[in-house]
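Reader: I would like to go through this model term by term. Please set each value against the definition behind it.

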Amino acid sequence: MKIAYLCDSGTGRSIDYFKEKGIFSLPLQLACDNKTYQDMENMDNQACIDLLKQKKVLTTSLPSYGLI
C-alpha cells in the first residue's frame, strides 16, 4: 500500500514548493464571468487580487476530478 500527501492550492504555496517536499498539490478551480481558471496555473495570485479589486465575484470548487 502506498500513501500520498495531497493538498490544494488554497495553501497559497506553489505546486513546485510542495513537489520539492514530496507532497502533491492540486489547483483549485476558480470561476469568474463564466470563465474557469486553474489556481496557480493559469491564474496567479495577483490576477485574482486584481479581479477582486474590480469587485468581480469569484467562486471556487474542488480540483478537477481528472487531476485527482
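Author: Helices are DSSP runs of H or I with at least four residues, and strands are runs of E with at least two. On that basis the elements of the protein chain run β-α-β-β-β-α-β from the N terminus. The model is a predicted one.

Reader: How many helices and how many strands does the protein chain have?

Author: The protein chain has two helices and five strands.

Reader: Why is Thr11 called partly exposed?

Author: Buried means under 20% relative accessible area and exposed means over 50%, with partly exposed in between. Thr11 has a relative accessibility of 42%, so Thr11 counts as partly exposed. Thr11 sits in the loop between strand E1 (6-8) and helix H1 (15-20).

Reader: What makes the approach of the Thr11 side chain to Arg13 a polar contact?

Author: A polar contact needs a pair of N or O atoms within 3.5 Å. The Thr11 side chain reaches the backbone nitrogen of Arg13 at 3.3 Å, and this distance is therefore inside the cut-off. Elsewhere around this loop residue, the C-alpha atoms of Thr11 and Ser25 are separated by 9.2 Å, with the two residues 14 apart along the chain.

Reader: How do you know that E3 and E4 pair?

Author: Two strands pair if DSSP finds at least two bridges between them. Four bridges join E3 (residues 29-32) to E4 (residues 35-38), so the condition is met. The two strands run antiparallel, and Gln29 has Gln38 as its bridge partner in E4. The hairpin of E3 and E4 has two residues between the strands, and Asp33 takes a positive phi near 50 degrees there.

Reader: What makes E5 a partner of E3?

Author: Three bridges join E3 to strand E5 (residues 59-61), and at least two are required, so these strands pair as well. They run antiparallel. Ala31 stands opposite Thr59 in E5.

Reader: Which residues of E3 lie on the covered face, and which on the uncovered one?

Author: Leu30 and Cys32 make up the covered face, while Gln29 and Ala31 make up the uncovered one. In a regular strand the side chains alternate between the two faces of the sheet.

Reader: What percentage of the protein chain counts as buried?

Author: Of its 68 residues, 22% count as buried. The accessible surface of the protein chain comes to about 5400 Å², and carbon and sulfur atoms hold 54% of that surface.

Key
Residues are numbered from 1 along each chain as its sequence is written. This is a predicted model: local features need pLDDT of at least 70, side-chain atom pairs count only at pLDDT 80 or more; totals for chains, interfaces and linings use all residues. Side-chain values use heavy atoms; hydrogens and water are left out. Buried means under 20% relative accessible area, exposed over 50%, partly exposed in between (1.4 Å probe, protein chains only). Accessible areas come from the Shrake-Rupley method with a 1.4 Å probe; for residues, only the protein chains shown count as cover. A polar contact is a pair of N or O atoms within 3.5 Å; within protein, one must be able to donate a hydrogen and the other to accept it, and residues adjacent in sequence count only if both atoms are side-chain atoms.
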